[in-house]
Structures are given as C-alpha cells and as structure tokens.
Amino acid sequence: IAIFSQVMRPAKSLSDAFSNIHSGIAAGERVLDLIDEKPQIVDAPDAGTITDFTDSIRFHNVRFSYPGRPVLKGINLTIPKGKTVALVGPSGGGKSTLMDLIPRFIEPQAGEILVDGKNINSVTANSLRALMGMVNQESILFNDTIFNNIAFGKTGVTMEQVETAARIANAHNFICDTEHGYQTNIGDRGTKLSGGQRQRICIARAVLSNPPVMLLDEATSALDTESEKLVQDALNNLMKNRTSLVIAHRLSTIQNADMIIVLDDGNIIEQGNHQQLVAANGIYRKLIDMQTFSS
C-alpha cells in the first residue's frame, strides 16, 4: 500500500506530461502551417513605392464579391485630401469591405482604386499601408507596457513623443493614475484596462505614427457614453488636418463630416453633407430619425 501510494503521483504526472506534449505538438503544427502559408495578395514584380499622399483616393467602378454573394456593385467614389468622409448605412451594405480594399487587405474583382492617380496594385503593400493609420472596433494590444504598446512598430521613440501622442488621445491622465505610469503592463490584449482606455491607447499609437490617411471602423461602438465622449474627442483631435474615412453606426458622431456616403446593398444610394441628406428625406433621414427616437 505504501509503495502504491508513492507510485501514484509520479504515474499521474507522467500521463499529464504525455497529454501536454501531444497538445504542444498539435499547437506547433498549427503555428508552422500558419508560418508556411503563402499570402494571397502579393506585390507585382515591378511594383514601385508610394511615399506621400497629395491629392485623393479614387474608386473607379469597383466590384467585390464573396463566394455566392456580391458585396460592392460598381462603386465610384473620390475621397479628397484633407476631407473627412463617413460611410453609413444598414448592416451588410459593404462599408467594412470598402474600407478594407484601400490598404489591400482584400482585392476587388473588377475596377480600380487609385491613390494620387496610381493604381494601388502597382505599388508595394508596405509603402501603401505606411500612409495609413487604422483604429478598429476591437483594440489590438499586447501583453506589454503602455509605452511599448503606443510605440509599437516604431524604433527610436522617446518618452516625450509617446506622452505627446497620449495627450492628444486623451490617455495621459489615466496612464499617470496606473501603478507604474507608462511602464505599467496592461495584460494579455489589454485586459487590465477598460474598453475606452484600450481604445485611447490605440488612438495614441495612430497619432504617434502620424499618417496622412486615417481609416476608422466603428471606433466608438462598443463603449459606454462617458468613454465614447472621451474617445470621440480623441478621434476629432486625430482627424484634424488629415484625410479620414470613417464608418459609424452612431450618426451623431459624423454629422460634421465633409461628405457622408450612404451605402446599401453594395451601392451608393446617397451622398452629401448632413444638412443636404436630411433635406433629401431618404435613407439617411430615416436612420437619423430611428436613432433620435430610440435615444
């Protein structure tokens, strides 16, 4: 009995070890498969680079379909430099798809997208994406310090630069209230921070990159009212003197946009500023009335 009681524990540990080894092997295979995966979107052999943005982003008869479902049906749209353009409309209308086409996360089946007159397929994806900053609905953060999360992707960044970016993003005050300030670890995917705080860290990262083009996809939709106000103020600071494409379901956040595009079922149904679209008494007016009534 004594020998049996002593053997039980190492025998159990041995079986657990075999289980962990098999789990590790399976996970390793998945990681290696992912590393070996070839990108579907590759640069053309003679692709050049684009270093600046001076004029406009233009969609010319752009079409895109997922298997068995057309999403964009001949989009013609110009986003001039320095203007804020908002995309609104019912869910499933193609707003996020249209935005994802600009940095070449996906490619259209027909038509072309031009940046300063250059087809984006004729320039390298890295140089194209370097012109763009992105703030999405879901914050992408890492298990590291606040400083490193804001400075992510940059080298030689000083504390003064990070602090300036955090102030513009309305993040400096809450960062100073954390245990170690900018050296505070925020946990896996930023779990130690609230939703609004995580989003402001992402905005600070975009501010630090200082890109000429901003792509904002539902950046405030998952936040409570107080956090939304702080994040919206940060986004307004971020969009100053920049070209911005904004997707918004809360229409109150984009009423000052230079141009509002109403997208429904893959087509541009209406476009104009807030006053023009309200006066047109179309889909945009109905969306405004629904949100005003529900609030």
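**Exercise 1. Is Asp265 buried, partly exposed or exposed, and what is its relative accessible area?**

Before we start: this is a predicted model, where local features need pLDDT of at least 70 and side-chain atom pairs count only at pLDDT 80 or more, while totals for chains, interfaces and linings use all residues. Residues are numbered from 1 along each chain as its sequence is written, and side-chain values use heavy atoms, with hydrogens and water left out.

*Solution.*
- Step 1: get the classes straight: buried is under 20% relative accessible area, exposed is over 50%, and partly exposed is in between (1.4 Å probe, protein chains only).
- Step 2: Asp265 has a relative accessible area of 47%, so call it partly exposed.
- Step 3: look for its partner. Asp265 forms a salt bridge with Lys73, with the closest N and O atoms 3.1 Å apart. The term needs a side-chain nitrogen of Lys or Arg within 4 Å of a carboxyl oxygen of Asp or Glu.
- Step 4: place the two ends. Lys73 sits in strand β2 (residues 69–80) and Asp265 in the loop between β9 (259–264) and β10 (267–272), so this pair ties together parts 192 residues apart in sequence. Helices (H or I, at least four residues) and strands (E, at least two) are DSSP runs, numbered from the N terminus.
- Step 5: Lys73 is partly exposed, at 27% relative accessibility.

**Exercise 2. Work out how Arg104 is paired.**

*Solution.*
- Step 1: Arg104 forms a salt bridge with Asp43, and the closest N and O atoms are 3.6 Å apart.
- Step 2: the pair links distant parts of the chain, 61 residues apart: Arg104 is in the loop between α2 (95–101) and β4, Asp43 in the loop between α1 and β1 (56–66).
- Step 3: check the cover. Arg104 is buried at 2% relative accessibility, whereas Asp43 is partly exposed at 36%.
- Step 4: widen the view. Asp43, Arg104 and Glu107 are linked in a network of salt bridges.

**Exercise 3. Find the salt bridge between Glu163 and Arg167 and place it.**

*Solution.*
- Step 1: the closest N and O atoms of Glu163 and Arg167 are 3.1 Å apart.
- Step 2: both residues lie in helix α5 (residues 159–168), four residues apart, or about one turn of the helix.
- Step 3: Glu163 is partly exposed at 25% relative accessibility, and Arg167 is partly exposed too, at 48%.
- Step 4: as a final tally, the count comes to five salt bridges.
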